[in-house]
Amino acid sequence: ALSDNAEEAKALPMEAYWVLRDEVVLLEQAVLRAMAFDTEPTQAYAHLTELAWLLDCGSADNNGLCSLAWSLLNDAFCSEVCALCPPARLATACLLLAVQLGQRVPELKDVADRAAGRLDSL
């Protein structure tokens with residue numbers, strides 16, 4: 001009787017595993033169908049970097065404004081907004097928001113003001 005209980009204890013977690021695995025596979029398939037199987041990586045980060053260069057915001061390595069925009073874009077991809085907007089628009093919105101927020105932070109004010117001034121030239 002003891003060996004039967006041991007066998008049942010081993011079988012139950014494996015069954016639970018397969019049930020969970022099947023649920024995950026079904027959800028993954030639903031996501032792929034919703035995305036129309038378009039799994040190409042986003043170009044949002046490249047767009048953000050190019051736009052930051054055009055606005056003379058500096059590089060992400062040494063600039064708080066670019067880092068802020070990058071963080072905002074990371075956060076946007078953790079929400080449902082990434083499914084509602086094209087990647088380029090999302091990257092542009094994150095940089096514009098970073099400029100607006102940067103104008104309120106003393107350490108970023110100079111860079112943000114310079115970027116805001118260059119917006120009209122684009």
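Asp22 counts as partly exposed, at 38% relative accessibility. The term has fixed limits: a residue is buried when its relative accessible area is under 20%, exposed when it is over 50%, and partly exposed in between, as found with a 1.4 Å probe on protein chains only. The structure is a predicted model in which local features need pLDDT of at least 70 and side-chain atom pairs count only at pLDDT 80 or more, while totals for chains, interfaces and linings use all residues. Residues are numbered from 1 along each chain as its sequence is written, and side-chain values use heavy atoms, with hydrogens and water left out.

**Salt bridges**

Asp22 has a charged partner: Arg21 forms a salt bridge with Asp22. A salt bridge here is a side-chain nitrogen of Lys or Arg within 4 Å of a carboxyl oxygen of Asp or Glu. How many salt bridges does the structure hold? The total is 3, and the pairs are set out below.

| Pair | Closest N to O distance |
|---|---|
| Arg21 and Asp22 | 2.8 Å |
| Asp113 and Lys109 | 3.2 Å |
| Asp56 and Arg114 | 3.4 Å |

In the pair in the last row, Asp56 belongs to the loop between α2 (44-54) and α3 (64-76), whereas Arg114 belongs to helix α6 (residues 109-118), so the pair ties together parts that are 58 residues apart in sequence. Helices are DSSP runs of H or I with at least four residues, and strands are runs of E with at least two, numbered from the N terminus. The other bridge of α6 has both partners in that helix: Asp113 and Lys109 lie 4 residues apart, about one turn of the helix. In general, an α-helix has 3.6 residues a turn, so residues three or four places apart point the same way.

Relative accessibility places the bridge partners as follows. Arg21 is partly exposed at 33%. Asp56 is partly exposed at 34%, and Arg114 is partly exposed at 37%. Asp113, at 33%, is partly exposed, and Lys109, at 36%, is partly exposed.

**The two sides of helix α6**

Which residues of α6 are buried? They are Val111, Ala112 and Ala115. These residues cover an arc of only 95° around the axis, the arc being that of the directions from the helix axis to the C-beta atoms, which puts them on the same side of α6. The face turned away from this buried side carries the exposed residues Asp110 and Gly117. The cover over the buried residues of α6 includes α3 and α5 (87-102).

**The nonpolar core**

A nonpolar core is a set of buried Ala, Val, Leu, Ile, Met, Phe, Trp, Tyr and Cys residues joined through side-chain atoms within 4.5 Å. The largest such core has 21 residues, and those with the most contacts inside it include Leu55, Leu73, Leu95 and Ala115. The elements α2, α3, α5 and α6 each give two or more residues to this core.

Contact means heavy atoms within 4.5 Å. When neighbours within four places in sequence are left aside, Leu55 is in contact with Leu95, Ala115, Arg118, Leu119 and Leu122.

Cys94 is found in helix α5 and is buried, with a relative accessible area of 7%. Apart from neighbours within four places in sequence, Cys94 is in contact with Ala69, Leu72, Leu73 and Ala76. Between Cys94 and Asp75 the C-alpha to C-alpha distance is 9.7 Å, and the two residues are 19 residues apart in sequence.

**Aromatic pairs**

Rings of Phe, Tyr and Trp (its six-membered ring) pair if their centres lie within 6.5 Å; planes under 30 degrees apart count as stacked, over 60 as edge-to-face and the rest as tilted. By this rule there are 3 aromatic pairs. Tyr45 and Trp70 form a tilted pair, with 4.7 Å from centre to centre and 40° between the planes. Tyr45 lies in helix α2 and Trp70 in helix α3, so this pair ties together parts that are 25 residues apart in sequence.

Tyr45 also pairs with Phe77, again in a tilted arrangement: 5.9 Å centre to centre and 35° between the planes. Phe77 lies in the loop between α3 and α4 (81-84) and Tyr45 in helix α2, so this pair ties together parts that are 32 residues apart in sequence. Ring pairs link Tyr45, Trp70 and Phe77 into a cluster. Tyr45 is partly exposed at 23% relative accessibility, Phe77 is partly exposed at 27%, and Trp70 is partly exposed at 32%.
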